[in-house]
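Please consider the sequence and the model shown here. The paragraphs that follow lead through the structure step by step.

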Amino acid sequence: MKKVLVTSVVAAGLFFAAPQMADAALGDQTLRVGMNHTDVTELQEALKSKGYFTFDRATGYYGSITADAVRKFQASNGLKVDGIAGPQTFAALKANGSTVVAASSSNTSSATLRTGARGAAVTNLQQQLRNHGHFSSAVDGVFGPLTERAVRSFQSARGLSVDGIAGPQTFSALGQAVSGSTTQAATSTTLRQGTRSAEVTRLQDRLRQLGYFNSNSTGYYGTVTTESVRRFQAVNKLQVDGVAGPQTLSRLHGSNAAAASTASETVSASSSNSSIGSSIISSANRYIGTPYRYGGTTTAGFDCSGFIQRVFSDVGISVPRTALQQWNSGTTVAAPSVGDIVFFATVNSGPSHNGIYIGNNQFIHSGSSTGVTVTSMSNSYWSSRYLGAKRIH
């Protein structure tokens with residue numbers, strides 16, 4: 001375990017030592033995951049202005065949230081989707097607003113798509129055609145001959161003008177055609193990280209309705225969607241793996257799906273009346289996806305105890321800085337409830353890592369290899385190193 005700690009320190013040292021081009025302007029250099037730069041701040045602000053970057057502030061660090069935002073922008077604007085902000089992405093970001101697809105304009109019912117179009121709107125069209133049995137090829141976001149043929153087939157079946165162009169009437173008919181089969185289609189498949197489809201959009205829409213997903217629906221299953229699914233699974237007592245399979249989708253779209261607002265009642269009886277515990281978890285969830293940084297205490301990067309200090313500060317509770325100090329200042333509890341701090345011995349026999357218990361044997365923490373994420377305490381690594389739980393609220 002000492003080796004792991006040293007590696008993290010070295011990695012952090014290299015990270016801080018990375019050369020910075022303070023005088024560079026946005027677009028002067030290609031930006032990618034791992035960079036920390038004022039250009040990244042400008043990129044995040046540009047993406048936020050168009051509705052793609054939903055974190056509460058620009059941080060200057062290019063982590064998974066920024067990469068996902070770039071991918072969403074690229075997909076919506078017909079660019080190569082790689083999560084890297086290069087010349088083409090910058091050119092699209094700087095283009096006149098009328099030529100750039102904003103995240104909020106993802107509703108395709110008023111759009112017109114025809115051969116040669118590409119992007120998220122075409123992906124959505126292809127998926128809808130597939131759901132109604134008119135498109136059997138790969139959903140790739142490219143409006144080619146196969147998509148045109150599928151549109152013509154659908155138009156003919158619905159008694160519309162058959163021209164192979166997806167306009168308002170075609171989209172309106174598609175909406176009516178798939179409304180009755182949406183749940184069946186959603187529950188007969190498996191969605192996981194990396195998937196891009198209309199089914200993912202429906203998944204995100206439903207997660208938002210229940211209070212688990214706070215970003216714009218994009219149709220892309222990235223890290224934010226994965227963590228939202230994990231939280232839904234934990235609250236609804238399903239296997240927590242972040243993969244939306246038949247059981248998860250069936251529960252999600254069913255009438256018995258538990259909303260995030262009832263999480264404290266569902267995951268732990270002892271915390272059902274604890275508004276403080278709920279507030280702590282609500283604050284912690286805001287930071288999911290934030291990268292790990294040794295010694296970090298800000299949204300540019302947290303270490304484990306820095307993350308806990310920030311979360312508790314958000315709800316008006318002052319806690320010490322280090323894991324050992326937090327261990328010493330808390331009240332020991334026999335079994336953790338929502339909002340309690342769970343501790344682990346990862347370096348020596350004492351407390352060297354901690355996280356916040358969210359119920360159902362899950363905790364949220366800032367891991368050196370994951371950043372802020374939700375993890376099962378049943379995991380063999382963590383279960384063998386568990387020291388106990390403390391209450392500081």
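**A guided reading of the predicted model**

R71, at a relative accessibility of 22%, counts as partly exposed. The structure discussed here is a predicted model. R71 takes part in a salt bridge with D68, in which the closest N and O atoms are 3.0 Å apart. The two residues stand three positions apart in helix 3, so about one helical turn separates R71 from D68. The partner D68 is buried, because its relative accessible area is 4% and the limit for a buried residue is under 20%.

From this pair one may step back to the whole chain. The protein contains 16 helices and eight strands. It has 393 residues, and 49% of them count as buried. Among contacts with a separation of 6 or more, 50% are made by residues 24 or more positions apart. The accessible surface amounts to about 17400 Å², and carbon and sulfur atoms contribute 50% of this area.

Which residues touch the most other members of the largest nonpolar core? They are L43, L47, Y62, F307, F312, I356 and I364, within a core of 40 residues. Both helices and strands supply two or more residues to this core: helix 2 (38-49), helix 3 (64-76), helix 4 (87-94), helix 13 (275-285) and helix 14 (304-314) do so, as do strand 4 (341-344), strand 5 (353-359) and strand 7 (371-376). Helix 3 gives the most, with five residues. The helix that carries the salt bridge between R71 and D68 is thus also a contributor to this core.

F307 offers a view of the surroundings within this core. When neighbours within four places in sequence are left aside, F307 is in contact with A284, Y287, F302, I356, I364, H365, S366 and V372. Two of these partners, I356 and I364, are also named among the core residues that touch the most other members.

A second core is separate from this one; it has 17 residues, including L203, L210, V235 and L252. L252 leads to helix 11, which spans residues 246-253 and in which T248, L249 and L252 are buried. These three residues cover an arc of only 95° around the axis, and therefore they lie on the same side of helix 11.

The loop between helix 10 (223-235) and helix 11 contains L238. Is L238 buried or exposed? L238 is buried, because its relative accessible area is 16%, and a residue counts as buried under 20%. Beyond residues up to four places away in sequence, L238 touches F232, Q233, Q247, T248 and R251. Of these, T248 is one of the buried residues of helix 11. L238 and R251 are 13 residues apart in sequence, while their C-alpha atoms are 9.1 Å apart in space.

Helix 14 brings the reader back to the largest core, to which this helix gives two or more residues. S305 is found in helix 14. With a relative accessible area of 5%, S305 is buried. Not counting residues up to four places away in sequence, S305 touches R321, T322, A323, Q326 and N354.

The final topic is the charged side chains. How many salt bridges does the structure hold? There are seven salt bridges, one of them being the pair of R71 and D68 described at the start. Another joins the side chains of R152 and E148, at 3.2 Å from N to O. Both residues lie in helix 6 (residues 145-157), four residues apart, or about one turn of the helix. R152 is partly exposed, with a relative accessible area of 33%, and E148 is also partly exposed, with a value of 21%.

D205 and R208 form a further salt bridge, with 3.4 Å between the closest N and O atoms. These residues are three apart in helix 9 (residues 198-210), so about one helical turn separates them. D205 counts as partly exposed at 35% relative accessibility, and R208 counts as partly exposed at 34%. Finally, R286, R310 and D314 are joined into one network by salt bridges that share partners.

Key. Residues are numbered from 1 along each chain as its sequence is written. This is a predicted model: local features need pLDDT of at least 70, side-chain atom pairs count only at pLDDT 80 or more; totals for chains, interfaces and linings use all residues. Side-chain values use heavy atoms; hydrogens and water are left out. Buried means under 20% relative accessible area, exposed over 50%, partly exposed in between (1.4 Å probe, protein chains only). Contact means heavy atoms within 4.5 Å. Accessible areas come from the Shrake-Rupley method with a 1.4 Å probe; for residues, only the protein chains shown count as cover. A nonpolar core is a set of buried Ala, Val, Leu, Ile, Met, Phe, Trp, Tyr and Cys residues joined through side-chain atoms within 4.5 Å. The arc is that of the directions from the helix axis to the C-beta atoms. A salt bridge is a side-chain nitrogen of Lys or Arg within 4 Å of a carboxyl oxygen of Asp or Glu.
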